[in-house]
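Colleague: I should like a close look at a single part of this model, set in the context of the whole chain. Please give one connected account.

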Amino acid sequence: MTRAPADLAEVMLEDSARLQENDCSYLNKKENRRGKSCLRPVYDARDVRAIIRRFVGARYGDTIKVTPRVAASFYDVGHILGSAAIRLKYSARGNSTTVLFSGDLGRSQMPILRDPTPPPSCDVLIIESTYGDRLHDTSAETLTQQALQLVAHAKEHNSKIIVPAFALGRIQDIVMRIKRLVAEGRIDPLPVYIDSPLALKITDVFRKYPDCYDEETFHTFTSEGDPFAARYIRYVSSPEESKQLNNLKGPCVIIASSGMCEGGRVVHHLKHAIQDPANIIAIVGFQAEHTLGRRLVEGWDVVPIFGIPTPRRAQVVVFNGLSAHADRNDLLAYVRAISPAPQQVFVVHRKEKQALSLAAAIQNEHPKMAVVVPTKDSMHEI
């Protein structure tokens, strides 16, 4: 893998292992009382340390021998820090076949990261289709106006803006957007608290890889030293500091994980803020079905917090258009940019609706191309 994801994976796997160990310990106390067998984590900290030793970090453009006949190379796709499309080249008896796996494709003109690089040539393309039937139709200025209105409301009512956000990618994105608005003079600085120990570790990884930044972020890095810091931004680490935020008076912004409000410190902040009609809950990411975040988006008047039905009086504002995923037009443009065109395209990583829609669009643009939406466990000759 590229070097940044190697560091990110170490942080994420350690956190995941810790959560599993804590959950199993808690559940086992209950199960033991009932005379049932103990639960075990899928993996623990020892497993994480063992797998980390196997990580091999590569640079974009590097070619790595996987086997004597297979070589892999990596191409920046601008989705998250260090994300890459992987091109495999199989060579035998003077002939070769190349397969390009897109992974998650990113978007152009997003904060922090460089735009996706043009794809290399390939015989076979395996492409994602998360947004295969949708476009990002919210403009950057519309998002900015939403943010300006939220800040104005918070200052007028001395209220809190609670932002549930994913620790990887989204929190760093929000920090950069806030800093840009302050730098442009569109908002006055107000206290911003990043309450996520995991986000703090991940942000430290971001600081290690300025070579992944876009020009604007790299300029900030070289001129100011730290693109993710400002005098009005505070990273909260200890539980005691986090609890103190519950008694804090606004206006302020509290950004915390988890992004879907299913765990983490954001749930505590919601518990203390959700019944005040002056407060705002800003939803900045996808919310899966049956999560607390989805219920907030759907406008439930009473939501379960720590299992207790809790009236929701705070306003909920949804920011669409912040996704780091390529949309339908971006995905089609990626296929279009491969020259010569691949002979086969497999559309994956999706629900069937998105995949079929994208596959039909690719087929319409490239009638001679073999476009397939594979089913689970299917095998295909290339």
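What radius of gyration does the chain have, and what value would a compact globule with 382 residues have? With that settled, please turn to the loop between α10 and β14: which residue there is joined to its predecessor by a cis peptide bond, and is alanine 341 buried, partly exposed or exposed?

Modeller: The model is predicted, and what follows is computed from its atoms. The chain has a radius of gyration of 23 Å, whereas a compact globule with 382 residues would have one near 21 Å, so the two agree. Along the principal axes, the C-alpha atoms fill a box of roughly 70 × 60 × 40 Å. Within it the secondary structure amounts to 11 helices and 15 strands. Of the contacts between residues at least 6 apart in sequence, 73% join residues at least 24 apart.

Buried residues account for 47% of the 382 in the chain. In soluble globular proteins, nonpolar side chains tend to be buried together. Here the largest nonpolar core has 47 residues, and Leu81, Ile161, Val163, Val192, Ile194, Ile255 and Phe319 have the most contacts inside it. Helix α4, spanning residues 170–183, gives the most to this core, with 7 residues. A second, separate core of 22 residues includes Leu332, Ile338, Ala355 and Leu358. Leucine 81, from the largest core, touches residues beyond four places away in sequence, among them Ala4, Leu8, Leu113, Phe206 and Cys212.

The surface and the charges complete the overall picture. The accessible surface comes to about 20,200 Å², and 52% of it belongs to carbon and sulfur atoms. There are 48 positive and 43 negative side chains, with the centres of the two sets 5 Å apart.

Now to the loop itself. Helix α10 covers residues 328–336 and strand β14 covers 344–348, and alanine 341 lies in the loop between them. Proline 340 belongs to this loop as well, and the peptide bond that leads to proline 340 from serine 339 is cis, with omega near -5 degrees. Alanine 341 has a relative accessible area of 41%; because this value falls between 20% and 50%, the residue is partly exposed. Alanine 341 also has a distant partner in sequence: aspartate 123 is 218 residues away along the chain, yet the two C-alpha atoms are 7.7 Å apart in space.

Other loops hold backbone features worth setting beside this one. Most residues other than glycine have a negative phi, and most peptide bonds are trans. A cis bond also joins glycine 250 and proline 251, with omega about 0 degrees; proline 251 sits in the loop between α7 (239–245) and β9 (252–256). Isoleucine 112, in the loop between β4 (95–101) and β5 (124–128), has a positive phi near 80 degrees. Because its relative accessibility is 2%, below the 20% limit, isoleucine 112 counts as buried. Cysteine 261, placed between β9 and α8 (265–273), likewise has a positive phi, near 65 degrees. Cysteine 261 counts as buried because its relative accessibility is 2%.

To return to your request, the residue with the cis bond to its predecessor is proline 340, and alanine 341 is partly exposed.

Conventions
Residues numbered from 1 in each chain as written. Heavy atoms only, no water. Helix = DSSP H or I, 4+ residues; strand = E, 2+ residues; numbered from the N terminus. Rg over C-alpha atoms; globule rule 2.2 N^0.38 Å. Buried < 20%, exposed > 50% of the residue type's maximum accessible area, 1.4 Å probe, protein only. Contact = heavy atoms within 4.5 Å. Areas by Shrake-Rupley, 256 points an atom, 1.4 Å probe, with all protein chains shown as cover. Lys, Arg positive; Asp, Glu negative; His and termini not counted. Charge placed at Lys NZ, Arg CZ, Asp CG, Glu CD. Core = buried A, V, L, I, M, F, W, Y, C linked by side-chain atoms within 4.5 Å.
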